[in-house]
Amino acid sequence: MKITILGSGTSTGVPMVGCGCRVCRSDDPRDKRTRCSLLVETAGRHILVDTSTDLRQQAIRHRLPRIDAVLFTHPHADHVHGIDDLRGFHFIHKEIVPCYGSRETMAALTRNFSYIFKGMESEGYAPLLEAHVVSQPFPLFDKTIIPVPLDHGSSKATGYRIDNFAYLSDCSGIPATSRELLYGLEILVVDALRYTPHITHFNIEAALRTVEELKPVRAIFTHLTMKSPAPTRNGSPRESSWPMTEWS
């Protein structure tokens with residue numbers, strides 16, 4: 001199994017439009033982050049986690065030949081609004097791809113993007129996705145996919161565990177029943193928005209506490225913003241970016 005982080009930036013991406021901060025002006029490639037998305041390759045199949053706003057750019061950059069299934073974490077715009085870019089794959093392969101998510105996520109997607117699921121014959125749009133509601137482990141190709149319920153502020157999101165890998169891209173809390181699904185990991189990718197607290201995301205401190213508790217062999221932070229006040233030796237804040245490349 002091969003895992004590729006297609007994007008590791010926050011909802012605005014990095015750099016953010018209109019921002020003139022040091023990070024957004026930076027030429028360092030580590031300060032260029034597209035919106036959160038993940039690719040899982042297994043048994044010759046390509047499983048996409050979320051259709052980020054930057055899906056087209058990510059697919060071209062990584063030369064994705066096809067998408068065989070999609071796992072959705074939640075229906076927020078930065079994680080789903082690239083859904084129309086799946087049409088390019090359909091033009092080539094003519095396949096309706098299965099997608100999976102919670103009941104709330106599937107309801108929002110099928111409502112907001114009805115043409116993606118039903119097609120629009122009068123306009124020449126074919127159906128692209130077939131919706132599947134999941135709450136328990138389910139088989140997909142040669143793997144078992146384990147949904148991991150997460151708190152995301154006052155709403156919910158879904159992380160996923162596949163073998164000894166887990167992806168928790170948007171979370172402000174992990175329920176106790178979900179933590180039991182996350183021990184014994186080799187790699188954990190976890191939300192770590194910024195240094196200061198946030199109502200819907202782990203900050204750096206909370207992400208580090210999660211890593212300490214779950215004790216994966218390796219942890220990678222994602223959903224990073226472009227700047228936040230990081231402490232200096234004298235306690236005063238400074239502008240900071242995270243020097244971490246998108247990883248595969």
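On a 1 Å grid over the protein atoms alone, a cavity is a set of points where a 1.4 Å probe fits but cannot get out, and its lining residues are those with an atom within 4 Å of a point. The structure explored here is a predicted model, in which local features need pLDDT of at least 70 and side-chain atom pairs count only at pLDDT 80 or more, while totals for linings use all residues. Residues are numbered from 1 along each chain as its sequence is written, and side-chain values use heavy atoms, without hydrogens and water.

There are 2 cavities of 30 Å³ or more, and the largest has about 100 Å³ of space, a volume being the space filled by probe spheres set on the grid points. Its lining consists of Arg 66, Ile 67, Leu 86, Phe 89, His 90, His 93, Glu 95, Val 97, Leu 128 and Leu 129. Helix H4 (residues 87-93) gives the largest share of this lining, 3 residues, where helices are DSSP runs of H or I with at least four residues and strands are runs of E with at least two.

Turning to the rings, the whole structure holds 2 aromatic pairs, a pair being rings of Phe, Tyr or Trp (its six-membered ring) whose centres lie within 6.5 Å. The rings of Tyr 100 and Phe 138 have centres 4.7 Å apart and planes at 20 degrees, so this pair is stacked (planes under 30 degrees apart; over 60 is edge-to-face and the rest are tilted). Because Tyr 100 lies in strand E5 and Phe 138 in strand E7, the pair ties together parts that are 38 residues apart in sequence.

Note on methods: 1 Å grid on protein atoms, 1.4 Å probe; cavity = no way out; pocket = protein on both sides within 12 Å on 5 of 7 lines; lining within 4 Å.
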